[in-house]
Amino acid sequence: MSQSSQSLSREARRLSINERVELVEDLLDSLDTPDATLDAQWGEEAEDRLDAYRRGELKALPLAEVLGKYLNK
């Protein structure tokens, strides 16, 4: 971590909990910038998967089974 980011971190720790939460949310939002190219690629992938499912090339699982895999750990 650079000296300036360490200084910012120390300063941020002096904020109230609510102010720190707002700061973290703002920083995370700044990292999540839209990317039209990536969105288009995911759209194509979703269409390809749906088409494969409709052709019988992909198997679907019940939602309860998928969630159970993660909730029962």
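## A walk around a four-helix chain

Start by selecting helix H3, which has 19 residues: at 1.5 Å a residue they should span 27 Å, and the end C-alpha atoms are indeed 27 Å apart, so the two values agree. Keep in mind as you click around that this is a predicted model.

**Zoom out to the whole chain.** Show the protein chain as a cartoon and you'll find four helices and zero strands. Follow the chain along its sequence and the pattern reads α-α-α-α. How does the radius of gyration of the protein chain sit beside that of a compact globule of 73 residues? The globule would come in near 11 Å, but the protein chain has 21 Å. Along its principal axes, the C-alpha trace spans about 55 × 35 × 20 Å.

Now switch on the surface. The accessible surface of the protein chain comes to about 7,100 Å², and 54% of that belongs to carbon and sulfur atoms. What share of the 73 residues counts as buried? Just 3% of them do.

**Go to the start of H3.** Select Asp35 and Thr37 and show their atoms. Here a side-chain oxygen of Asp35 reaches to within 3.0 Å of the backbone nitrogen of Thr37.

**Move along H3 to a charged pair.** Next, select Glu45 and Arg49. Their side chains meet in a salt bridge, with 2.8 Å from N to O. Side chains of opposite charge can pair when their charged atoms come close. Where do these two sit relative to each other in the helix? Arg49 and Glu45 are four residues apart in H3 (residues 36-54), which means about one helical turn separates them. An α-helix has 3.6 residues a turn, so residues three or four places apart point the same way. Colour by accessibility and you'll see that both partners are partly exposed: Arg49 has a relative accessible area of 47%, while Glu45 has 31%.

**Step off the end of H3.** Click on Gly56, just after the helix, where phi takes a positive value of about 85°. Then select Arg55 and Glu57. These side chains meet in another salt bridge, at 3.0 Å from N to O, and both Glu57 and Arg55 are exposed. How many salt bridges does that make by the rule used here? The count comes to two.

**Carry on to the nonpolar patch.** Select Leu61, Leu63, Val66, Leu67, Tyr70 and Leu71 together and show them as a surface. These residues make a nonpolar surface patch of about 630 Å². Leu61 belongs to the loop between H3 and helix H4 (63-71). With a relative accessible area of 45%, Leu61 is partly exposed.

**Look at H4 itself.** Pick Glu65, which lies in helix H4. Is Glu65 buried or partly exposed? At 47% relative accessibility, Glu65 counts as partly exposed. Try the distance tool back to Asp35, from earlier in the tour: Glu65 and Asp35 are 30 residues apart in sequence and 32 Å apart in space, C-alpha to C-alpha.

**Finish after H4.** Your last stop is Asn72, found in the segment that follows H4. Asn72 is exposed, with a relative accessible area of 68%. Draw one more distance, this time to Pro62: the two are ten residues apart in sequence, and their C-alpha atoms are 16 Å apart in space.

Conventions: Residues numbered from 1 in each chain as written. Predicted model: local features only at pLDDT ≥ 70, side-chain atom pairs only at ≥ 80, totals over all residues. Heavy atoms only, no water. Salt bridge = Lys/Arg side-chain N within 4 Å of Asp/Glu carboxyl O. Buried < 20%, exposed > 50% of the residue type's maximum accessible area, 1.4 Å probe, protein only. Patch = residues over 30% accessible without salt bridge, like charges linked within 9 Å, V, L, I, M, F, W, Y side chains within 5 Å. Areas by Shrake-Rupley, 256 points an atom, 1.4 Å probe, with all protein chains shown as cover. Expected span 1.5 Å × (residues − 1). Polar contact = N/O pair within 3.5 Å; in protein donor to acceptor, adjacent residues only side chain to side chain. Rg over C-alpha atoms; globule rule 2.2 N^0.38 Å.
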